[in-house]
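Let's take a walk through this protein, starting with the whole chain and then stopping at a few spots along the way. Have the structure open beside you as you read.

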Amino acid sequence: MRGRILVIDHKTPTPDADSGSASMFSYMSILARAGFDLTFVPMNFADDGRYSRALNELGIKTLSAPEWTTIEAVIEAYAPGSDVVLIYRAPVARRVLDLVRQTAPGVRILLHATDLHFLRMEREAALSGSPAHAAAARDMRAIELPLIARADASIVVSTYEHELLSALLPEAVIHRIPIMRDTPPRRRGLSRLLSGNPGRRRGVVFIGSYPHTPNVDAVHWFVREVWPLLQARHFAHRFVIAGSNMPEDIAALSADTIEVRGYVKDLAALFARCRISVAPLRYGAGIKGKIVSSLSHGVPVVATRVAAEGMELRAGEEILVADHPTAMADQIEHLCRDAELWRRLSDNGYKAFQRRFSIQAGERAVLDVVDGLVATTRGA
């Protein structure tokens with residue numbers, strides 16, 4: 001056995017519904033396949049049916065009610081026998097990090113930030129001008145940074161966040177591992193990608209999980225500020241809004257030129273038909289799963305700078321970037337009209353996905369981090 005790992009998050013990952021879950025599931029899949037003995041506990045102790053079974057099928061033990069009802073009992077039972085405790089997200093770490101230290105002083109703690117919550121909140125506060133948002137962001141910064149400093153190692157996904165934390169916490173052990181996604185089967189052959197005919201594709205697509213407030217803001221901003229500019233130019237495509245847990249105010253945007261699709265089980269089918277993907281986020285942090293998924297299917301993306309931040313994608317070659325509504329409308333229209341530009345972005349974006357964001361590109365880094373922590377635990 002390569003090592004024992006206790007994994008803690010706020011809920012069981014739902015990888016077909018939100019990016020954070022997809023990233024978490026990819027980590028557990030990599031570690032389970034590599035021979036680690038994994039035990040997973042969601043803080044809500046819910047048995048989430050097929051999502052829990054998906055972990056069990058990987059050989060991962062999942063803990064849930066009624067057998068388990070308190071995180072204290074789980075940590076007391078499992079942390080002392082573990083080599084590593086992998087904690088997702090600062091709010092979860094705030095609840096359990098000290099408890100793990102007290103219960104199992106010799107175990108190594110690995111914190112996956114998912115995205116820097118305080119950074120996302122600071123940007124939201126700057127955009128809204130809300131004193132309450134600014135106070136919440138300050139509180140989160142005061143919570144999140146010490147947790148990262150006290151973990152034995154932390155993982156962030158973007159180059160921007162890695163550089164930021166390296167400056168703020170020079171003594172902390174910070175690893176940068178971009179988010180990872182499986183390579184879609186229909187895109188394994190690059191010849192298929194190169195032979196794609198953009199003229200047969202229809203629609204501008206946005207995909208997101210809507211409990212994540214930056215996605216809600218992005219859709220409303222795009223429909224309010226960008227979409228009317230395109231409609232005034234007699235733009236021929238529809239705007240397709242897809243994703244899980246869609247609120248009523250997003251569903252109410254349905255119109256002749258706007259299709260509210262909601263949850264989509266088969267993203268491959270959606271991406272195979274759409275012309276381009278948009279990521280018009282005005283605030284956020286981390287790396288955007290919607291962009292990585294689009295690249296993995298060879299679908300070009302038009303994004304804001306904050307959406308593309310920290311991904312090391314070349315503007316004009318692997319992605320198009322615009323912040324102002326007119327500039328974004330121009331980029332979308334240009335991409336839909338210029339077949340050669342579409343093919344170049346499709347090709348280069350897919351290659352960037354393979355190099356940086358595929359499971360094959362990232363699994364070695366994950367295993368190196370965890371193997372290193374296991375070695376220090378056992379050598380202590």
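How much area does the chain expose, and what share of it do carbon and sulfur atoms supply? The exposed surface comes to about 15700 Å², and 51% of it is supplied by carbon and sulfur atoms. Accessible areas here come from the Shrake-Rupley method with a 1.4 Å probe, and for residues only the protein chains shown count as cover.

A word on what you're looking at: this is a predicted model, in which local features need pLDDT of at least 70 and side-chain atom pairs count only at pLDDT 80 or more, while totals for chains, interfaces and linings use all residues. Residues are numbered from 1 along each chain as its sequence is written, and side-chain values use heavy atoms, with hydrogens and water left out.

Now the overall build. The chain has 16 helices and 13 strands; these are DSSP runs numbered from the N terminus, with helices being H or I of at least four residues and strands being E of at least two. Its C-alpha trace spans about 65 × 50 × 40 Å along the principal axes. For 380 residues, a compact globule would have a radius of gyration near 21 Å, and the chain agrees with its 21 Å. That radius is taken over C-alpha atoms, and the globule rule is 2.2 Å times the number of residues to the power 0.38.

Inside, 56% of the 380 residues count as buried, where buried means under 20% relative accessible area, exposed means over 50%, and partly exposed is in between (1.4 Å probe, protein chains only). Take the contacts (heavy atoms within 4.5 Å) between residues at least 6 apart in sequence: 70% of them join residues at least 24 apart.

Next, find helix α5, residues 117-128. At 1.5 Å a residue, its 12 residues should span 16 Å, and the end C-alpha atoms are indeed 16 Å apart; the expected span is 1.5 Å times one less than the number of residues. Its buried residues are H117, F118, L119, R120, M121, R123 and A125. They pack against α4 (90-103), α6 (131-150), α7 (159-168), α9 (213-232) and α13 (305-308). Just after α5, G129 takes a positive phi of about 70°.

On to some backbone oddities. Most residues other than glycine have a negative phi, and most peptide bonds are trans. Against that background, F45 has a phi near 60°, and so does H234. Which of the two is buried and which is exposed? F45, in the loop between β2 (37-42) and α2 (50-57), is buried at 9% relative accessible area. H234, in the loop between α9 and β9 (239-242), is exposed at 72%. There's also a cis peptide bond joining A65 and P66, with omega about 5°; P66 sits in the loop between β3 (61-62) and α3 (71-78).

Two last stops. A303 lies in strand β12 (residues 301-303) and is buried, with a relative accessible area of 0%. Leaving aside neighbours within four places in sequence, A303 is in contact with A279, I291, A308, I319, L320, V321, A322 and M328. Then there's N348 in helix α15 (residues 339-357), buried at 14%. Not counting residues up to four places away in sequence, N348 touches R314, E317 and E318.
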